[in-house]
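Hi everyone, thanks for making time this morning. I'd like to walk you through a structure that may be new to you, so please have the viewer open.

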Amino acid sequence: MKHFLSAAILGLFLLVSFSAFSQKSKQSSVLIPYNQDGKWGLSRTDKSFVIAPQYDELTYHAPYFFARKGEQRDILSADGAVIGSFDLLIGAIDENRFLIFKEAATPVPSDIFSNRRTFQQYETSFLLYKLENDQLTLLSEASNDAYLLMPAADKTKIPQLYVLTKNGLSGVYDVAAERFLIEPAYKHLHFPLGNVIIAFNEADDMVVKHRDGTTLPTSIWYAKRELMEVLDNGYFTTVVAGADPAKVPTYNYKLDFRTPDGTIKIKEGNDLKVKPEIDMLVCETIDSDGNHLNNLYDLEGNLLLADVLEYDNYYPNLLHVYGAGYENFLGLYNYKKRKMVWKNDFPKTAKVKIETRYGIPKIAVDTTTYFIDDQGRTLMRIGQHSSYFARVLELMKTIKVYRNSSAQAPYKEKKYTAFRDSKEQPFAIYDENYRKVTTMDEYLSNIDGEIIAFRKGNNWGLSDVDQNLVPVQYDSITYSNVYYNFRLYKDGKAQLYLKDAKKILPAEGYDDGIAYRDHNFFLGIKYERNAGFDLNPISYKYLKCQVDLLDDKGKVLYSFKKTSDLKIDFALTASNQIIAFSEDNQYTHFFIHDTQTKKITEVSDRFAGFERLNGRPVIATFYTDKGQEVWNINTWERIKTLNESRGLYKSKSVLFQNGAVQLPALALIEVVERPNPEYERNFFANQRTRTETVIGYMSVNGTFYGNFSK
């Protein structure tokens, strides 16, 4: 089973890592790719060149630059020095090492088979190199022509295991461990589904390894084409007698589930699948009424649940299980303990329904609500209210607090569920792992999901998913009306906590404000309200208002008034220019206030949107008669015009680094869609092709590294 490997296929798992890697270099100059009319070089932050624009492509995978000029491909250090050449960059092995392919002189094919797509084989052979500490090191003289696909849970990583062949014999190399998992001493490799890797010359000359390097017992079945999947416990699946192993479909198929000695435990299991996330097997069955149901088994083939219509593991440790029929909720099954911990024993006349909007299971039985943990215990029973009115009466609520993934930290989230049986009672609060929370007694529903306002005892504070952001000392906390910042009240005074900057506005008396995390200047906004007129939050942006530019001491540096009745928003650039723009791009209201010269400039073109870096706008796009134009909003210089009728711009944050010096930047990407000529010949092809091209980088201080004469 061979699959041609192209750069496009490899691109599916190229990892663009923008994290800050530890370097020994004491250089203080960060280098940035510079695009001059389609040719790339490397420049310093002041735009002086270390390498003049000459490359056709230049990409950054911290801390290295990878460049192509015609057929020449160079690896450049953080200082711009040429380290060596490469044919393909596979990606980062870890934060210090990269895997590089160089084409081998002679293709050396290996003999691999599997009845499922567990590996990728290509027609060209390569030599594997490690890039570390500005050095290229050959990992093995054996040539590579395939790799094992990563498990579904590890799709963010590059492949770790590679097939290497030498003198006609093959083995498996682990690039993370920099060693052979299986020495190149075997004629045949078999990669069934699961974590097992099989190498053999004959059935009695075999080695079996787990992906983690553990040596496993052999079996005569492991050399057979009928083998489909091997579990970690030694049980395995095979195609049924008489079936062609090379033609097993991806659905509506039958498999035999066998014990380690080959005895059939489940015969001709229909659509038999292994579900590692719940440590179960699932087989489809059809009842007498023609309903397609599921039987769930443990990993030794023992039946656990029969005739299940649907199951979902939305909650930790639990499946909520449905039987045949309409909304036939059977109960909650703990797949760790292998038992039904909450069973629906209510009469058939009762309407029993589980809701998944909360952090822990919430089961509604007519007008009674039960909150259940993974042991089946009732944490709270709320009676005489439908779910809707229970929320209206503030008897139950849920919240999620999360941290977006970044170069410095992965995605993280917490879910809290609060409930009580009457408004006179305090809330009981539980987290997503069914643990009672003691760090808070109450919380506000959050807007952006990243910050939560909570009360402990009589005092309020703010927290993100990792830590408290302000001391728990405030009398109360509310939201501002437009940007949903937090108002912190203490001793009759109010402060404004700006959620995007995670800073307190250094002045009092403002209704709302805008700031960014890497900028020590602020916009304070005061709205003109009509006395006795109650406004909803959406209406505030229509109001007339005063906008002040403040420094970190609270001093007003510039001020203006918005007098139009349009719905207007505001933004602040790195150069402290204030932008007033209409959120609805059918209007052409776009004004730039230069706070140094006091000059106000109006842009008459229709505003298309911002590209932002760390929350702050750095690039603006406009619809013009010439096409979509891209502007550097810090200098108000046009970067480029996209003339394609179906095109747009997008961006991605990048962190350039040399040693300890870092420069956050934004990669500006031009996206163009064109008709796909293959579509007329192949109905299943995409109707349009989509290409994405980086055209330049914008630094956090507002400098664009690129120049286009056309």
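Let's start at Arg420, whose charged end sits over the ring of Phe427, 3.8 Å from the ring's centre. Something similar turns up at Lys526: its charged end sits over the ring of Tyr510, and here the distance to the ring centre is 4.8 Å. Please keep in mind that we are looking at a predicted model.

Now a step back, to the whole chain. How many helices and strands are there in the protein chain? There are two helices and 61 strands. The C-alpha trace spans about 85 × 75 × 55 Å along its principal axes. Of the 710 residues in the chain, 49% are buried. And if you take the contacts between residues at least 6 apart in sequence, 40% of them join residues at least 24 apart.

With that in mind, let's look at a sheet. Strands 36, 37 and 38 form an open sheet in that order, with antiparallel pairing. Which strands stand at the edges? Those are strand 36, residues 396-403, and strand 38, residues 428-431; each has a single partner strand, so one side of each is left without a neighbour in the sheet. From one strand to the next, the twist averages 20°. If you zoom in on strand 36 and strand 37, the latter being residues 412-419, you'll find eight bridges in the antiparallel sense. One place to look is Met396, whose bridge partner in strand 37 is Phe419.

Next, please move to strand 15, residues 169-174. Is strand 15 largely enclosed or open? Five of its six residues are buried, so strand 15 is largely enclosed by the rest of the structure. On one hand, strand 15 is joined to strand 14, residues 161-166, by six bridges, and the two run antiparallel. Val163 has Val172 in strand 15 as its bridge partner. The hairpin of these two strands has two residues between them, and Asn167 there takes a positive phi near 55°. On the other hand, four bridges join strand 15 to strand 16, residues 179-186, again antiparallel. Here Ser170 has Tyr186 in strand 16 as its bridge partner. The hairpin of strand 15 and strand 16 has four residues between the strands, and Glu178 takes a positive phi near 55° in this hairpin.

Ser170 also leads us to another serine. Ser110 lies in the loop between strand 9 and strand 10, and Ser170 is among the residues that Ser110 touches, along with Gln121, Asp145, Val163 and Thr165, leaving out residues up to four places away in sequence. With a relative accessibility of 9%, Ser110 counts as buried. What does the side chain of Ser110 make a polar contact with? With the side chain of Asp145, at 2.8 Å.

A third serine, Ser463, is in strand 41, residues 459-463. Ser463 counts as buried too, at 11% relative accessibility. Its side chain reaches the backbone oxygen of Gln467 at 3.0 Å. Beyond its neighbours within four places in sequence, Ser463 is in contact with several residues, including Glu450, Ile452 and Leu469.

Let's finish with the aromatic rings. A pair of rings is described by how far apart the centres are and by the angle of the planes. The count here comes to 42 aromatic pairs. Take Phe66 and Phe86: their ring centres are 5.5 Å apart and the planes are at 85°, so this pair is edge-to-face. The pair links distant parts of the chain, with Phe66 in strand 5 and Phe86 in the loop between strand 7 and strand 8, 20 residues apart. Phe66 is buried, with a relative accessible area of 4%, and Phe86 counts as buried at 10%.

A second pair is Phe590 and Trp636, with ring centres 5.8 Å apart and planes at 80°, so these rings are edge-to-face. Phe590 is in strand 52, while Trp636 is in the loop between strand 56 and strand 57, 46 residues apart. Both residues are buried. Which residues do ring pairs link into a cluster? They are Phe581, Phe590, Phe607, Phe610, Phe622, Trp631 and Trp636.

That's my tour, and I'm happy to take your questions.

Terms used: Residues are numbered from 1 along each chain as its sequence is written. This is a predicted model: local features need pLDDT of at least 70, side-chain atom pairs count only at pLDDT 80 or more; totals for chains, interfaces and linings use all residues. Side-chain values use heavy atoms; hydrogens and water are left out. Buried means under 20% relative accessible area, exposed over 50%, partly exposed in between (1.4 Å probe, protein chains only). Two strands pair if DSSP finds at least two bridges between them. Rings of Phe, Tyr and Trp (its six-membered ring) pair if their centres lie within 6.5 Å; planes under 30 degrees apart count as stacked, over 60 as edge-to-face and the rest as tilted. A charge sits over a ring if NZ of Lys or CZ of Arg is within 6 Å of the ring centre and within 35 degrees of the ring normal. A polar contact is a pair of N or O atoms within 3.5 Å; within protein, one must be able to donate a hydrogen and the other to accept it, and residues adjacent in sequence count only if both atoms are side-chain atoms. Contact means heavy atoms within 4.5 Å. Axes are lines fitted to C-alpha atoms, for helices over the stretch in contact, and angles run from 0 to 180 degrees between N-to-C directions.
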